[in-house]
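User: I am in my first year and would like a close look at one part of this structure, namely how its helices pack against one another. Please take me through it slowly, in connected prose.

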Amino acid sequence: MTATSSADGHSQTELIVNEIAQELRTLDDGVAWFSGLSPASRRDVLQQVGGYAMQAHITAADGRAGVARSGVKPTANPSVMICMDPPRYGFSGLPADEHVKAFRVLVSVFAVADTRRRHTYCKNACGHPWHNLPSPRSSQQPS
Ligand SMILES: [Zn+2]
C-alpha cells in the first residue's frame with residue numbers, strides 16, 4: 001500500500017481526464033464516473049479540469065472543435081463559455097444540472113488542445129507523467 005493515493009482526490013481526476021484525451025477511455029465512461037460523484041466533488045473536478053484546459057492554452061478554435069465532439073449543443077452555457085476569446089472558466093459556478101455538460105465540453109476541448117501538444121511539442125518523448133500513462137491494452141510497441 002502506498003501512502004500517496006487518498007480516495008478520489010486530484011490524481012484520479014487527472015488520470016481519467018488524460019485517459020480520455022489519449023483515447024484510452026471513452027468520454028461516456030468518464031461521464032459515468034463524473035455523474036457518480038457528489039455535487040461538491042463535481043464542482044471540484046470542474047475546477048481542476050478547467051485548470052488543465054487553461055494550462056493547455058486552448059484557443060477559440062479548440063473550443064469549437066471540442067464542443068463539436070462533446071455531444072453538447074453549441075448554444076449550451078458551457079459551450080458558449082469555452083468558445084469565448086479568451087474562454088471563460090467559471091464552470092464550477094454553473095447550476096448543478098449543467099455540470100455534466102460542462103464536464104463533457106471541458107474534457108473534449110482539453111483533449112483537442114492536448115492532442116495537438118502531444119503531436120508537436122511532446123512528439124515521441126516528454127517528461128510529462130500524464131503523457132506517459134500505461135496502456136490498459138497489451139503494450140505493443142509500434143516499431
Ligand atoms: Zn508531454
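Analyst: In this predicted model, the axes of helices α2 and α3 come within 9 Å of each other and cross at roughly 135°. The angle makes α2 oblique to α3, because angles over 145° would be needed to count as roughly antiparallel and 65 to 115° to count as roughly perpendicular. The residues that meet here are Trp33, Phe34 and Ser35 from α2 and Arg42, Val45 and Leu46 from α3. Sorted by class, this contact of α2 with α3 has 4 nonpolar, 1 polar and 1 charged residues.

Both of these helices also pack against helix α6, and it helps to take the two contacts in turn. Helix α3, which spans residues 39–55, and helix α6, which spans residues 99–119, have axes that come within 9 Å and cross at roughly 25°. An angle under 35° counts as roughly parallel, so α3 is roughly parallel to α6. The crossing in which α3 passes α6 is left-handed. On the α3 side, the contact is formed by Arg42, Arg43, Val45, Leu46, Val49, Gly50, Tyr52 and Ala53, and these meet His99, Ala102, Phe103, Leu106, Val107 and Phe110 of α6. By class, the contact of α3 with α6 has 10 nonpolar, 2 polar and 2 charged residues. Arg42, Val45 and Leu46 appear in this list for α3, and these residues of α3 also meet α2.

The second contact with α6 is made by helix α2, which covers residues 27–35, and here the axes lie 10 Å apart with a packing angle of about 140°. That angle makes α2 oblique to α6, and the crossing of α2 and α6 is right-handed. From α2, the residues Leu27, Asp28, Gly30, Val31, Trp33, Phe34 and Ser35 take part, and they meet His99, Val100, Phe103, Arg104, Val107 and Ser108 in α6. The residues of this contact of α2 with α6 divide into 7 nonpolar, 4 polar and 2 charged. His99, Phe103 and Val107 of α6 are among the residues that meet α2, and they are also among those that meet α3.

Two loops beside these helices deserve a careful look at their backbone. Glu23 sits in the loop between α1, residues 10–21, and α2, and Glu23 has a positive phi of about 60° although it is not a glycine. In the loop between α5, residues 77–82, and α6 lies Pro86, and the peptide bond that leads from Asp85 to Pro86 is cis, with omega near 0°.

Finally, there is a zinc ion, whose protein donors are the SG atoms of Cys122 and Cys126 and the ND1 atoms of His128 and His131, lying 2.0 to 2.3 Å from the ion. The angles among the 4 donor atoms run from 104 to 120°, and the site of the zinc ion is tetrahedral. Along the chain, the donors follow the spacing C-x3-C-x1-H-x2-H.

Terms used
Residues are numbered from 1 along each chain as its sequence is written. This is a predicted model: local features need pLDDT of at least 70, side-chain atom pairs count only at pLDDT 80 or more; totals for chains, interfaces and linings use all residues. Side-chain values use heavy atoms; hydrogens and water are left out. Axes are lines fitted to C-alpha atoms, for helices over the stretch in contact, and angles run from 0 to 180 degrees between N-to-C directions. Helices (H or I, at least four residues) and strands (E, at least two) are DSSP runs, numbered from the N terminus. A crossing is left-handed if the near helix is turned anticlockwise from the far one by less than a right angle, and right-handed if clockwise. Contact means heavy atoms within 4.5 Å. Ala, Val, Leu, Ile, Met, Phe, Trp, Tyr, Cys and Pro count as nonpolar, Asp, Glu, Lys and Arg as charged, and the others, Gly among them, as polar. Donors are N, O and S atoms within 2.8 Å of the metal (3.2 Å for Na, K and Ca); water is not among the atoms, so sites may look incomplete. Four donors count as tetrahedral if all angles lie between 85 and 135 degrees; four count as square planar and six as octahedral if opposite donors are over 155 degrees apart and all others between 65 and 115; anything else is irregular.
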